[in-house]
Each structure stands twice: as C-alpha cells, then as structure tokens.
Amino acid sequence: MPSVRCSRRPSWALQAFLHGNGTWPRAPRARRAARTVLWRACTVAAPSSSTSGPMSRVHVHLVGFGLAGAAVAFHLLRQRASLHLPVTLSVVDEAGAAGGATRAAAGLLHAYSPRARKLWLGDEGLHCAREMFEAVTGAASRPFAQRTGIVKMASSAREQADYAAAAAAAATAELGWDAARQQLWIADGWTVDAVAYVEAVRRHLMQYATAFMVEWETRAVTDLSAEMQRAGQLAQRPLYDGARMPAPAQCIVVVAAGAGSKALLPSLPLRLCRGQNLVYAAAPGNGSYKRSGSDTSSPAIMARGKYLVPMPDGARIIGGATKEYAPGDLADGAAANAWLQAPADITVAREALEAPLRELVARWQNAHRTSASSSRASSEPIEAVAGVRALPPRRPEGSVPLIGQLRVPDAPASTSVLYITGLGSRGLVYHAVMGKRLVEQIVQLATTGADRHDTDIMSQAASRAP
Ligand SMILES: Cc1cc2nc3c(=O)[nH]c(=O)nc-3n(C[C@H](O)[C@H](O)[C@H](O)COP(=O)(O)OP(=O)(O)OC[C@H]3O[C@@H](n4cnc5c(N)ncnc54)[C@H](O)[C@@H]3O)c2cc1C
C-alpha cells in the first residue's frame, strides 16, 4: 500500500483544525473550505513502505481499553499536535472498556515499593496519573480519585527497619513513621475507582469523536493478522461528514490487552496472576468520606500484602487481594481462555481473605484504640471481583512494564504493531507515564518513519537509568 507525504506544511486553517478541539465546522461554506485545505495539505507521494519516511496521516487501532489503553488514547489525543498530521483512532475491547484487571483493581496509587523504596519512575508515574485525573475529571459520572493517604502497618522486624529508614530518608512529610504504632504513613497515597476513571477517559475522548474517533467496537480479538486487516479497513473509513480522508494512512495497531496480550503476542515474557477482591458496602452513617479532593481521615490501610481501600464514592470498601498464579499447562488456547475469563468465586475469595482482613481491622483498632474502622465496612461482602494481572519479568529496577514494537511477519506493508502491557500490580502508577512514552514512540514512528522493530522501550530505558 503506498504511503503519503505532506507536500507542504498544513495551512493555518488546517493547523487550527488539527490542534484545536478537532470538531468539523458546521457552516457549509466553512466545511467546504476546511475540506479543501485538508485535501491540499496532503498529496500522494511515490509508493513506499511504511518505514521509508514520514507519513501524511496516522491511524491508531487500539486493542484493549483498560488503564493502559485509556492512557494511550488520552496521550494520542493530547500529542496529536506534535504530529502535524491528521490522526484517527479506533478501539476494540471485549468488555467495551475497563475490563480485565482494571475491573478488579483495588485502587491503591502511590510511588513506593513493598519495602517503601521509591519505585523506578514512581514520581513521574504519579505525576502523569494526576495530570490525567485532572484532565478528565469533568467527564466523570462519579468521583473517581481521592487523596486519602495510605497506612502500611509493619508486620516484621525487617519491615519496621525498612519503613523507619525510608521515612528518615524521605523529604519532609512525604513519609511518616509512627514508631509507637509501627505504621508508615504515605501522605501522597490515593484511592482510585479504576472503572469510573477509565469510563471518564472514554467520555473525555468521545467529546472529540467527530474528528478523532473512527470506531469503538465491543468484541474479543482472537487473531492479530485478521485484526491488522480490520485496522486497515478502519483507516480508510470516510471521516468528517462523509469526506474521505486523502490517501491511505499509516496504520499502527497497539496491543493494550493486559493479560489478553499474551495470547495475541505469545513472545512477550508475561507471567499471569489472577486476583480476587471482596467488595463491602461502607457502613451507613460513616460521614468521613468526602466526595472529592483530599480526605485523610479514612486512609487505605495495608499489612502483610492485604488491604482495605475506601472508594471515592463513599459507598464501597475494597478488601483484597488473592494471588493465584497461572498453572504451567496453559499452552492450550481454550484452557488459557477459560482461566483468563473465569468469573470471581466469592467462596474462594472469602476463604482466602476474610481472616487476614479481620486481623488487619483488629490491628488498626488496637493501634488507634478505636472501633471506628470496624464501622467502615459492613461485615458481609456484597460481591467478589476477579481480574488477571500481567506480570513483567523482574529486573534490577523492579517490575518494569513492557512497551515496545514487534515485527509481525504477516503485517501489511503500512502497518506497525506496538504493545503496552506488563503493568503488573501497579497499573495505576504506571499507566499514564507508559501511555505517554508509547505515544512518543508513535510520534517518532510517524514523523521520521523510523521503525524500531523488536525493541522494548522500557527495558532499554531501564538499562540506561543511572
Ligand atoms: C485483584 C487485583 C487488584 C489490583 N489492585 C491494584 C491496585 O490497587 N493498584 C494498582 O495500581 N493496580 C492494581 N491491580 C493491577 C491493575 O489492575 C493492572 O495493572 C492494570 O489494570 C493493567 O492495565 P491494562 O490496561 O494493562 O490491562 P487490563 O486492565 O487487563 O485491561 C485490558 C483490557 O483489554 C481488554 N481485552 C483483553 N483481551 C482482549 C482481547 N483479546 N480482545 C479485545 N479486548 C481484550 C479487556 O477487556 C480490558 O479492558 C490489581 C489487579 C488485580 C487483579
């Protein structure tokens, strides 16, 4: 398929259209003028492969709209100005949006490892996540993020030493160590309703639907080759009030399917770990949950890998989580699918979680000589939720997510395949910064035409880190 090059810089009118709010003018004359500008701005150049030079327009086809997919779409919308090219997006997700691990996430967001050390890219990740929160908050149907602070209760001599040392080394007030209660206070700790948040991102994007969004499909992708063909068709879809976009687009398929990425790109070194959480109703009369902003009177609490997390809507508390590793014999596609799709089993979740969660509440009450926290949750869970985490290999820097580009043998000439997965148990702190990095890669690919096949961007970045 021939690729195209811009014969000239887009005019001010086109720039305004591309970089503005992206809506097509309403008045017929203005429509005609804008269409002419768009057509003139791009002319077909000699046929070339996707890798031979810059393109004249870019179509991104996103497989998966959990935390990672949402971050890619958000940054694509935001960074399309740097492309100076028309950019379009299509999305396919088997759950519509916010399925997979996102649906089960407890909502803990902070920048620290279990030993209270700063995560690699932890500060940047938190900063980028907060930027996204602010940008999409107007599109949310319910409060989705709250800065509650997080309390980690030390359960061993090693944790006491780690937490005390981390607090002593931290910037003032960032971490606090309460030696009497054996508790570490993470001031910049957030609780996030991941489903409400991803849906807010989706609504935010839909505001730009006319000029940006080609299609949103709810279906499972089972065959990447077929999906590349589908992406190619979507890239040709008429846009802008029936006007066909000039010339074929460079197509970039982004696999952001969480644990589902393993079946689509089997060479990725992912390990799968299913997790279940119990959902409790917040006890009536608990007036301490504010609807938005900061409320540190009801922090999330953690000990021995278990947690209780108040949701920002004030109605639910999440208790979790189990860790159920994929059996070794998941090579068979049907067995793998059954394991990935298995619904939550509340009996299993209660057996695994209720005793440690009771212990967590008792420790909190003891330390604070209060029964307040027991009234945080009613004693019977309303439901259990399950999802599968996609764990990346451990590196010296920690669990570095996987983002990069793969050479796919039967990819059409003008199609590239990128991936973003392996966010492990840290999707909230990593999704926004990783989505931003992936879109930077898309911009580079589109503006220079330089394919970086078989590269894992984050591993390279981690190796270069001091
Ligand atoms: C029980 C549990 C608790 C967790 N708690 C936290 C927490 O407190 N804090 C935190 O930061 N992280 C937490 N995590 C991890 C977090 O949920 C993940 O890191 C994050 O959701 C990964 O995002 P993702 O978009 O890469 O994948 P996913 O969230 O799995 O999203 C993938 C999307 O792709 C879609 N999809 C998958 N396969 C296909 C396919 N073949 N075709 C079409 N669509 C497909 C799915 O429907 C889904 O919408 C938790 C995870 C679990 C399981």
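Author: Ala, Val, Leu, Ile, Met, Phe, Trp, Tyr, Cys and Pro count as nonpolar, Asp, Glu, Lys and Arg as charged, and the others, Gly among them, as polar. The model discussed here is predicted.

Reader: By class, how many residues of the shell around the ligand are nonpolar, polar and charged?

Author: The ligand is surrounded by 44 residues. The closest are glycines, Gly66, Gly100, Gly258, Gly260 and Gly427, and Gly counts as polar. By class, the shell has four charged, 18 polar and 22 nonpolar residues.

Reader: Which element gives the largest share of the shell around the ligand?

Author: Helices H3 (67-83), H4 (100-104) and H13 (427-448) each give two or more residues to the shell. Strands S5 (108-109), S13 (271-281) and S18 (383-391) do so as well. The largest share is four residues, and it comes from H4.

Reader: From which domains does the shell around the ligand draw at least three residues each?

Author: One domain is assembled from three segments, 5-98, 198-267 and 409-464. The other runs over 273-391. Each gives the shell at least three residues; they are domain 1 and domain 2.

Reader: How many helices and strands does the protein have, and what percentage of its residues is buried?

Author: There are 14 helices and 23 strands. Take contacts between residues at least 6 apart in sequence: 80% join residues at least 24 apart. Of the 466 residues, the buried share is 46%.

Reader: Within what arc do the buried residues of H9 fall?

Author: H9 spans residues 224-235 and reaches 16 Å from its first C-alpha to its last, close to the 16 Å expected. Arg230, Ala231, Leu234 and Ala235 are its buried residues. Seen down the helix axis, they line one face, because they fall within an arc of 140°.

Reader: Which residues on the other side of H9 are exposed, and which strands are among its cover?

Author: Away from the buried residues, H9 has Ser225, Ala226 and Gln233 exposed. What covers the buried residues includes strands S3 (58-63), S4 (87-92), S11 (213-217), S12 (250-255) and S22 (415-421).

Reader: Is Val92 buried or exposed?

Author: Val92 lies in strand S4. Leaving aside neighbours within four places in sequence, its contacts are Val63, Glu217, Arg219 and Val221. The cut-off for burial is 20 or more other C-beta atoms within 10 Å. Val92 has 24, so it is buried.

Reader: How far apart in space are Val92 and Glu227, C-alpha to C-alpha?

Author: In sequence, Val92 and Glu227 are 135 residues apart. In space, their C-alpha to C-alpha distance is 9.7 Å.

Reader: What is the phi of Ala98?

Author: Most residues other than glycine have a negative phi. Ala98 is found in the loop between S4 and H4. It is buried, because 23 other C-beta atoms lie within 10 Å. Its phi is positive although it is not a glycine, at about 55°.

Reader: What is the phi of Ala116, and where is this residue placed?

Author: Ala116 is buried, because it has 22 other C-beta atoms within 10 Å. Its phi is positive, near 70°, in a residue other than glycine. Its place is the loop between S5 and helix H5 (122-136).

Reader: Is the peptide bond from Gly320 to Ala321 cis or trans?

Author: Most peptide bonds are trans. Ala321 lies in the loop between strands S16 (316-320) and S17 (324-325). The bond from Gly320 to Ala321 has omega near -5°, and it is cis.

Key: Residues numbered from 1 in each chain as written. Predicted model: local features only at pLDDT ≥ 70, side-chain atom pairs only at ≥ 80, totals over all residues. Expected span 1.5 Å × (residues − 1). Buried ≥ 20, exposed ≤ 12 C-beta atoms within 10 Å, placed from the backbone. Arc of directions from axis to C-beta. Contact = placed C-beta atoms within 7 Å. Near = placed C-beta within 6 Å. Domains from an automatic or database assignment.
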